[in-house]
Amino acid sequence: MRVSIIGAGVAGLTCALELAERGVSVEVLERSAAPGAGCSWFAGGMLAPWCELESSDALIARLGSESIPWWQQRFPATLVNGTLVVAQARDAADLAQFASRTGHCESLSAENIAALEPDLAGRFTRGLLFRDEGHLDPRAALAALRQRLAEVGVAVRFGVEASPAALAGRQVIDCSGLAARRQLPELRGVKGEMLVLRLRELVLSRPVRLLHPRLPVYVVPRAAGLYMVGATMLESDEGTRISARSLLELLSAAYALHPAFGEAEVLEMGTGVRAAFPDNLPRLRRLGETLYVNGLYRHGFLVAPALARRAAEVLLHGRYFPEVMNENSPERRLA
Ligand SMILES: Cc1cc2nc3c(=O)[nH]c(=O)nc-3n(C[C@H](O)[C@H](O)[C@H](O)COP(=O)(O)OP(=O)(O)OC[C@H]3O[C@@H](n4cnc5c(N)ncnc54)[C@H](O)[C@@H]3O)c2cc1C
């Protein structure tokens, strides 16, 4: 079997690697001239299956917990050292509610927080630790996937605008995100804005989420004093610019987490548009010879490996996975 994959975001590259590892001949076609297009470029890289239960279906937690070992095996720089969730003392009720909706966490005192993240000592009296969650640098992870694909002879062809119609007669996996809206008209765009800041004076070793009634924010550490600060969630598919309001809010929230962020250099302001179905859950959908892997919403890095495994099983063995192929499946809501 030869398979053409449309789109070199995290969905396309994980599907390509999953198939290539099973001996399938694969090519990846990407319309942009170089890496840096698509939603995947702007992600925070949090692998947070249990924190996401706060606003997501249990399916996301199941696909996400299955995916973390996949990342650890293929991208050893994946760190699994937990997610820290904090709130100001006046927002203690929000912290309790977050814990009750998510589970899988332990309560932390001020001393526990200081032991985990010494630079946050004295700033928060209570927190939560989601010990089994991880994070990765999305751009480095995508590069590592392309490198692995190259090693097994899979070409990622940049600058190629592809369509299932033009690839008629071939097996196609379409992972083109929001661009597939013509074939999947229920898809919508959810704009996400983010910043990359450089701040050498502060050391955080894991993602930190600050709960706040108006300005919730997360900060994900990357190498060499870099921090990704994110992310807005706006019902819009306008993906070109960050708004002044979002910039103010993201910076204010980072400053509320630690005033040292006031001295940070702003290296990048980015905007990505997440493709989402009405229930914000991902789908594998077959239309003719094309299998669509789409609707990864705010969970692309978290769930892509689990979706890629299922996509390979569908293509190679005709298997059926109701939780991602039947939107009325009760499995979508099982905890
Ligand atoms: C600010 C922000 C923060 C986020 N943080 C996280 C996070 O912490 N953890 C997490 O798990 N997820 C996060 N996400 C979500 C995650 O980024 C997305 O779910 C994921 O990137 C979707 O991947 P994808 O491969 O489906 O789509 P994309 O990354 O958009 O890839 C689609 C690709 O298809 C290409 N393409 C489109 N049409 C064609 C065509 N006709 N021919 C060829 N190529 C084509 C595009 O150029 C693009 O490269 C975040 C998103 C944003 C915006």
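**Ligand shell and aromatic pairs**

Me: Which element supplies the largest share of the shell around the ligand?
Reply: Helix α7 does, with three residues. Elements are DSSP runs numbered from the N terminus: helices are H or I with at least four residues, strands are E with at least two.

Me: What should I know about the model and its numbering?
Reply: The model is predicted; local features need pLDDT of at least 70, side-chain atom pairs count only at pLDDT 80 or more, and totals for chains, interfaces and linings use all residues. Residues are numbered from 1 along each chain as its sequence is written, and side-chain values use heavy atoms, with hydrogens and water left out.

Me: What makes a residue count as near the ligand?
Reply: One of its heavy atoms must lie within 4 Å. There are 36 residues around the ligand, and Glu-30, Ser-40, Ala-162, Tyr-297 and Leu-302 come nearest. α1 (10-21), β2 (25-30), β10 (188-198), β14 (265-276) and α7 (300-317) each give at least two residues to the shell.

Me: How do you know that Glu-161 makes a polar contact with the ligand?
Reply: An N or O atom of the Glu-161 side chain is 3.2 Å from a nitrogen atom of the ligand. A polar contact is a pair of N or O atoms within 3.5 Å, so this pair qualifies. (Within protein, one must be able to donate a hydrogen and the other to accept it, and residues adjacent in sequence count only if both atoms are side-chain atoms.) Polar backbone atoms take part too: that of Met-46 is 2.9 Å from a ligand oxygen, and that of Phe-301 is 2.9 Å from a ligand oxygen. The protein covers 95% of the 1000 Å² of accessible area that the ligand has on its own.

Me: How many aromatic pairs are there?
Reply: Four. Rings of Phe, Tyr and Trp (its six-membered ring) pair if their centres lie within 6.5 Å; planes under 30 degrees apart count as stacked, over 60 as edge-to-face, the rest as tilted.

Me: Why is the pair of Trp-71 and Phe-301 called stacked?
Reply: The centres are 5.9 Å apart and the planes stand at 25°, so the pair is stacked. Trp-71 is in α2 (residues 58-74) and Phe-301 in α7, so the pair ties together parts 230 residues apart in sequence.

Me: Are these two residues buried or exposed?
Reply: Buried means under 20% relative accessible area, exposed over 50%, partly exposed in between (1.4 Å probe, protein chains only). Trp-71 has 0%, so it counts as buried. Phe-301 has 4%, so it is buried.

Me: What makes the pair of Tyr-227 and Phe-261 edge-to-face?
Reply: Their planes stand at 85° with centres 5.7 Å apart, so the pair is edge-to-face. Tyr-227 is in strand β13 (residues 226-230) and Phe-261 in the loop between α6 (244-257) and β14, 34 residues apart.

Me: Why is His-104 called partly exposed?
Reply: Its relative accessibility is 49%, so it counts as partly exposed. His-104 also has a positive phi of about 60° although it is not a glycine.

Me: Why is Tyr-297 called buried?
Reply: Its relative accessible area is 14%, so Tyr-297 is buried. Tyr-297 lies in the loop between β16 (290-294) and α7. Its phi is positive, about 50°, although it is not a glycine.

Terms used. Areas by Shrake-Rupley, 256 points an atom, 1.4 Å probe, with all protein chains shown as cover.
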